[in-house]
Amino acid sequence: MSDSFDVIVIGGGPAGYPAAIRAGQNKLSVACIDEWKNHDGTTAFGGTCLNAGCIPSKALLESSELYHRAKHEFAQHGIKIGDVKLDLAQMQKRRAAIVKTMTNGIASLLKAAGAVGMQGHGRLLPGNNVQVTAPDGSQKTLQAKHVVLASGSTPIRLSAAPHDGKFIVDSWNALEFDAVPRRLGVIGAGVIGLELGSVWSRLGSEVTILEALPDLLPMVDQTIAREAQRHFKKQGLDIKLGAKVTRAAVSGSAVDVVYSNAQGEHALQVDKLIVAVGRRPFTQDLLAEGTGVELDARGFIQVDEHCRTAAANVWAVGDVVRGPMLAHKGKEEGIMVADLIAGRYGEVNYKVIPSVIYTAPEIAWVGLTEEQVKASGRPYKVGSFPFAASGRARAMEAAQGMAKLVAATDDDEILGVHIVGPMAGELIAEAVLAMEYSASTEDLQRTIHAHPTLSEAVHEAALAADKRAIDAINR
């Protein structure tokens with residue numbers, strides 16, 4: 001194997017492996033170096049997303065939702081199945097099998113594209129050299145015309161709640177519990193905290209979520225956030241806002257948590273405590289002295305709009321650079337960079353990146369919130385449609401939430417679409433495509449949507465923006 005490549009990608013997660021695959025498709029010689037190691041010592045491509053994030057969490061969310069529906073909803077459909085029992089070991093076995101299938105698939109995709117996959121730690125040296133430290137400790141140096149840094153991110157630790165991996169855990173640990181905690185505490189009511197809280201609540205835990213901020217999901221359109229909060233409360237999630245954890249310590253087989261809010265200091269005892277307060281860029285031992293790559297005050301690698309760093313022919317993509325820490329954002333950045341390296345056209349439209357929270361109901365959005373549009377001073381109009389008026393949602397026993405559209409009044413451009421309800425993560429794709437083409441509200445209004453489908457909610461929300469909804473009262 002050659003020690004010289006056109007492109008070397010450091011990191012095999014959702015930003016790195018697509019960059020390597022596209023470079024291979026562009027007939028460039030490419031190597032992808034990844035150091036992920038599972039708790040059992042095995043290595044795998046796919047990064048946090050496939051191994052300890054997006055994929056395993058969705059597997060558990062799906063399983064726990066089915067369990068919850070079997071216990072509480074099937075009877076309404078006329079399906080009587082008696083006493084439903086949880087087999088958590090089988091549920092976890094299924095999760096692990098899905099992860100293994102997906103990560104093995106990445107290795108196959110790299111090989112098919114002509115990319116060389118390497119396990120080990122990659123470190124950028126001056127002159128576009130890359131030092132690779134293999135799992136056995138052996139080292140070698142590779143040379144590349146271009147280097148793509150895609151080292152990802154890692155969970156933020158809290159000094160007030162020291163991680164031990166058993167009682168005070170991070171999101172990865174929380175996906176691998178071998179028993180359902182009777183009392184579960186979660187620090188952080190963001191995407192990860194809400195998803196993990198939902199999983200274990202549905203499986204029987206008493207879940208308390210402590211959020212330091214005064215509002216739930218401040219990055220989400222607040223009409224949608226309030227609607228979601230109402231449903232989370234119905235489900236039994238105890239979300240305490242404005243609650244700052246001051247200390248947490250293991251006491252026997254439990255965790256004693258102390259938090260403060262406007263009413264003073266409070267104590268809470270739980271069996272497990274998940275710390276889910278966000279993630280930070282992972283750059284540990286990534287850059288040697290003299291590479292020319294610069295970090296900002298928060299530890300992100302500084303890049304331009306095309307993900308070029310300050311060093312010639314060194315690029316950075318994914319969670320390690322600015323922007324939302326989303327797998328699909330990183331994927332598009334990796335593809336863009338690989339195309340630019342090959343002399344092709346590449347661009348990422350950062351204004352139209354969808355976000356999804358996979359709770360039940362799901363939450364999804366793209367573009368500007370109503371609050372952001374209002375603050376901008378641009379005249380706007382709003383249309384919304386409740387899933388309670390959707391025949392398909394009613395048939396699914398999932399008539400919670402709404403679809404909401406925000407558009408400009410001057411030229412009718414769609415500025416943002418926000419959904420809380422069934423399959424919101426799938427429904428938002430229509431809005432993303434519409435906004436990518438700078439569609440107007442009228443464009444959506446004149447697009448025929450099949451009946452009965454959930455997507456009609458987006459159609460009706462567009463109609464409602466001009467008070468022309470058919471299946472809801474216009475206000």
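## Elements and model

Helices (H or I, at least four residues) and strands (E, at least two residues) are DSSP runs, numbered from the N terminus. Helix H12 (441–445) and helix H13 (456–464) are two such runs, and Pro452 sits in the loop between them.

This is a predicted model: local features need pLDDT of at least 70, side-chain atom pairs count only at pLDDT 80 or more, and totals for chains, interfaces and linings use all residues. Residues are numbered from 1 along each chain as its sequence is written, and side-chain values use heavy atoms, with hydrogens and water left out.

## Two helix pairs

Two packed helices are described by the angle between their axes and the distance between the axes. Axes are lines fitted to C-alpha atoms, for helices over the stretch in contact, and angles run from 0 to 180 degrees between N-to-C directions. Helix H1 (residues 16–25) and helix H8 (residues 327–341) have axes that come within 7 Å and cross at roughly 30°. H1 is therefore roughly parallel to H8 (angles under 35 degrees count as roughly parallel, over 145 as roughly antiparallel, 65 to 115 as roughly perpendicular and the rest as oblique). The crossing of H1 and H8 is right-handed: the near helix is turned clockwise from the far one by less than a right angle. On the H1 side, Pro18, Ala19, Arg22 and Ala23 meet Lys331, Gly334, Ile335, Ala338 and Asp339 of H8; contact means heavy atoms within 4.5 Å. The contact of H1 with H8 has five nonpolar, one polar and three charged residues (Ala, Val, Leu, Ile, Met, Phe, Trp, Tyr, Cys and Pro count as nonpolar, Asp, Glu, Lys and Arg as charged, and the others, Gly among them, as polar).

Helix H3 (residues 54–72) packs on helix H4 (residues 88–112) at an angle of about 145°, and their axes are 9 Å apart. H3 also passes H4 in a right-handed crossing. From H3, the residues Ile55, Pro56, Ala59, Leu60, Ser63 and Ser64 meet Met91, Gln92, Arg94, Arg95, Ile98, Val99 and Met102 in H4. By class, this contact of H3 with H4 has eight nonpolar, three polar and two charged residues.

## A three-stranded sheet

Strands of a sheet pair through backbone hydrogen bonds, either parallel or antiparallel. Here, two strands pair if DSSP finds at least two bridges between them. One open sheet has three strands in the order E12-E13-E14, with antiparallel pairing. Its edge strands, each pairing on one side only, are strand E12 (244–251) and strand E14 (264–270). From one strand to the next, the twist averages 20°.

Strand E13 (residues 254–261) is joined to E14 by seven bridges, and the two run antiparallel. Asn261 has Gly264 in E14 as its bridge partner.

## A five-stranded sheet

A second open sheet has five strands in the order E18-E19-E22-E21-E20, with antiparallel pairing. E18 and E20 are the edge strands, each pairing on one side only. Neighbouring strands in this sheet are turned by 10° against each other on average, direction ignored.

At one edge, E18 and E19 run antiparallel and are joined by three bridges; the bridge partner of Val356 is Ala364 in E19. At the other edge, E20 and E21 pair in the antiparallel sense over seven bridges, and Pro386 has Met402 in E21 as its bridge partner. Side chains alternate along strand E20 (residues 380–386): Lys381, Gly383 and Phe385 point to one face and are buried, while Tyr380, Val382, Ser384 and Pro386 point to the other and are not. Buried means under 20% relative accessible area, exposed over 50%, and partly exposed in between (1.4 Å probe, protein chains only). H13 lies across E20, E21 and strand E22 (414–421), running at about 140° to E20.

## Loops and backbone angles

Ile353 lies in the loop between H8 and strand E18 (355–357). Its relative accessible area is 14%, so Ile353 counts as buried. Leaving aside neighbours within four places in sequence, Ile353 is in contact with Pro324, Leu326, His328, Lys329, Trp365 and Val366. His328 is 25 residues from Ile353 in sequence, with 8.3 Å between the C-alpha atoms.

Most residues other than glycine have a negative phi, and most peptide bonds are trans. The bond from Ala360 to Pro361 is cis, with omega near 5°, and Pro361 is in the loop between E18 and strand E19 (362–367). Another cis peptide bond joins His451 and Pro452, with omega about -5°. Leu217 has a positive phi near 50° and lies in the loop between strand E10 (206–211) and helix H7 (222–234); Leu217 is buried, at 3% relative accessible area. Glu397 has a positive phi near 60° and is found between helix H10 (391–395) and strand E21 (402–408); Glu397 is partly exposed, at 34%.
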